[in-house]
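I opened this entry to keep track of what I looked up, element by element. I begin with a strand, then turn to helices and to the nonpolar cores.

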Amino acid sequence: MLRTLALGILFAGLLFCQNAPPGNLLQQAIQRQKSGDVKAAVQDYREFLSAEPANIVALSNLGVLLAHTGHFDQAAAEYKKALKIDPSNASIRLNLGLAFYKSGRVPEAAKIFATARTLAPDNMQLTLLLADCRLRMGDNAGVVALLEPIEKENADNLAIAYLLGTALIRNHQIAEGQKFVDRILRHGDSAAAHMLLGGQMFADGDYPGAIKELQVAIQKDPKLPGAESLYGQALLYTDDPDAAAQAFRKELAADPNNYESNLRLAQILIERRKWKLAEPLVDRALRVRPQAVPPMLALADVEIGEARFAEAEVELTRAGKLAPQSAGFHERLARVYAALHREPEAARERRLAAQLSAKMGSRERGPVPGDIAPAFTAAEPGSEQRVSLDKLRHHGPVLLVFGSYTCPNFRAASGTLNRLYAKFKGQIPFYLIYIREAHTGGGWQSTRNERAGISLPPATDMTERAAHAALCVRKLHLQFPALLDNNQGSAAKAYAAWPSSAYVIGGDGRIVFRTGLTEQEFKPSQLQAAVRKASAKMQ
């Protein structure tokens, strides 16, 4: 079924004109092409075309050879010349679209396939290719509009069921997509069925469930298109960027033009400051979706990281035209202006970023800088003593770290937090507020935890939470004290702190800085700067 979606990325071998006279250079090129002597055939076709540049046979066959050897842009150029001579030739148009498709120029391929389909409306291969292009471009509604009218009369076509089911699920039309999952399941326990089930769970936010289904899909068919990419995305949502990166690389080895794998792997590499490795991935993502803002911002991140600030400004200007209300766009532009010593403009962009962040629902993730820190009380382990936020602050600044031992991101950040505590010990107090477990063995488990052999059940009372906190402090060698959130999770809810985060509260009781502890969010230098600034104001 999905092999049909390799959809040939097989190019039609347009070996017509077999009646060329013996000894003719064109006939010689055709014979060499048939015998597999590609290099000599290409040379013969080029020599022949230098004398007869409008010969459609030579142009088409040369395009096929160039495409098969991976020279897709050159192949496209030959096909375009052939189409000028014979615009209604559906085979040449199909091959031109495939050349674009294989080179990652998916929007151009989609246009070619759409035009070819008007010439051959009953050609199912063209329909599936067009649907696949739209899916790659993120145009889920376009896939639905294309395939829904023909799916009933092609009820046995599992490629249609798969593409349409995937588009509906990605478009959050879960119930509608489910019927196509069921249709595929009726044909057996296939890899594609598990892929769709995994996609459905992913769309529902059940990332551990998605991981399990996608693992089965990959086990059944390691070459299943898109499976490793979706598996990698689910791993990211369960805090496992290392395994996610491995999955994205596997996907790209089979399909270099997978948009999500290129983008997500690039973002992981950017967070790890591996700019040169990230840039070609971002470029590839932009070829697939030229108008997508996330890869534009990722490219700007690369350019900022390599101190190419003028180039970053150009890229951000392009992104800003498409997404002027993006807080991320303004935050990056502020960094560029600051690096270019254009401080008034940088200050303006920082203000816009802060305003947009709050406006776009940032407060759902907890109080923002400038807000009064929510009051709460926490318990001291081993006693019934409750401590208020005011007592923790002592009328001064404080760093609150919310986390649990089963949160891989908190564990990864613990070394940095210990070093930061050693640097500012005596200037500003640090506290771990131990909240409910991020991952539990019977529920939301993390693959990172599984590899590390870490499994804790959810704490049922304060005694168990205290035991978990003590284990956490001992295993991570935490140097700063731990306090316990209550069983209702009041502190975690007040700060929207789950699964892990850090807040710097200033001497005036207002939030100075906040960050999640994921690899994407947590910047130790920013936290250190906030702690230094808060402590300096009290001296």
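Which residues of S3 are buried on one side, and which on the other? I noted first that I am working with a predicted model. On one side of S3 I found Val398, Leu400 and Phe402, and on the other Leu399, Val401 and Gly403, and all of these are buried, which leaves both faces covered. This fits the general expectation that in a regular strand the side chains alternate between the two faces of the sheet. Since six of the six residues of strand S3 (residues 398-403) are buried, I describe it as largely enclosed by the rest of the structure.

I then looked up the strands paired with S3. Strand S6 (residues 501-505) is joined to S3 by five bridges in the antiparallel sense, and there Tyr503 is the bridge partner of Leu400. Strand S4 (residues 430-434) runs parallel to S3, again with five bridges, and Phe430 of S4 is the bridge partner of Leu399. Following the chain from S3 through helix H22 (residues 408-424) to S4, I recorded a right-handed β-α-β unit.

Next I checked helix H12 (residues 207-220), whose 14 residues should span 20 Å at 1.5 Å a residue, and its end C-alpha atoms are indeed 20 Å apart. At its start, a side-chain oxygen of Asp206 comes to within 3.0 Å of the backbone nitrogen of Gly209. Gly209 is itself one of the buried residues of H12, which also include Tyr207, Ile211, Leu214 and Ile218. For the packing partners of these buried residues I wrote down helix H11 (191-203), helix H13 (227-237) and helix H23 (447-452).

Helix H2 (residues 38-51) also has 14 residues, and it reaches 20 Å from first to last C-alpha, close to the 20 Å expected. Its buried residues include Val42, Asp44, Tyr45 and Phe48, and among the elements that cover them are helix H1 (25-35), helix H3 (56-68) and helix H4 (72-85).

Tyr45 led me to the largest nonpolar core, which has 122 residues and in which Tyr45, Tyr79, Phe113, Leu147 and Ile184 have the most contacts. Helix H9 (residues 158-170) gives the most to this core, with 10 residues. For Leu147, leaving aside neighbours within four places in sequence, I listed contacts with Thr127, Ala131, Ile160, Leu163 and Leu164. A second, separate core has 36 residues, among them Val401, Cys407, Ala438 and Leu517, and Val401 brings me back to S3, where it is buried.

How values were computed. Residues are numbered from 1 along each chain as its sequence is written. This is a predicted model: local features need pLDDT of at least 70, side-chain atom pairs count only at pLDDT 80 or more; totals for chains, interfaces and linings use all residues. Side-chain values use heavy atoms; hydrogens and water are left out. Helices (H or I, at least four residues) and strands (E, at least two) are DSSP runs, numbered from the N terminus. The expected span of a helix is 1.5 Å times one less than its number of residues. Buried means under 20% relative accessible area, exposed over 50%, partly exposed in between (1.4 Å probe, protein chains only). Contact means heavy atoms within 4.5 Å. A polar contact is a pair of N or O atoms within 3.5 Å; within protein, one must be able to donate a hydrogen and the other to accept it, and residues adjacent in sequence count only if both atoms are side-chain atoms. Two strands pair if DSSP finds at least two bridges between them. A crossover is right-handed if, with the strands pointing away from the viewer, the path from the first strand over the helix to the second runs clockwise. A nonpolar core is a set of buried Ala, Val, Leu, Ile, Met, Phe, Trp, Tyr and Cys residues joined through side-chain atoms within 4.5 Å.
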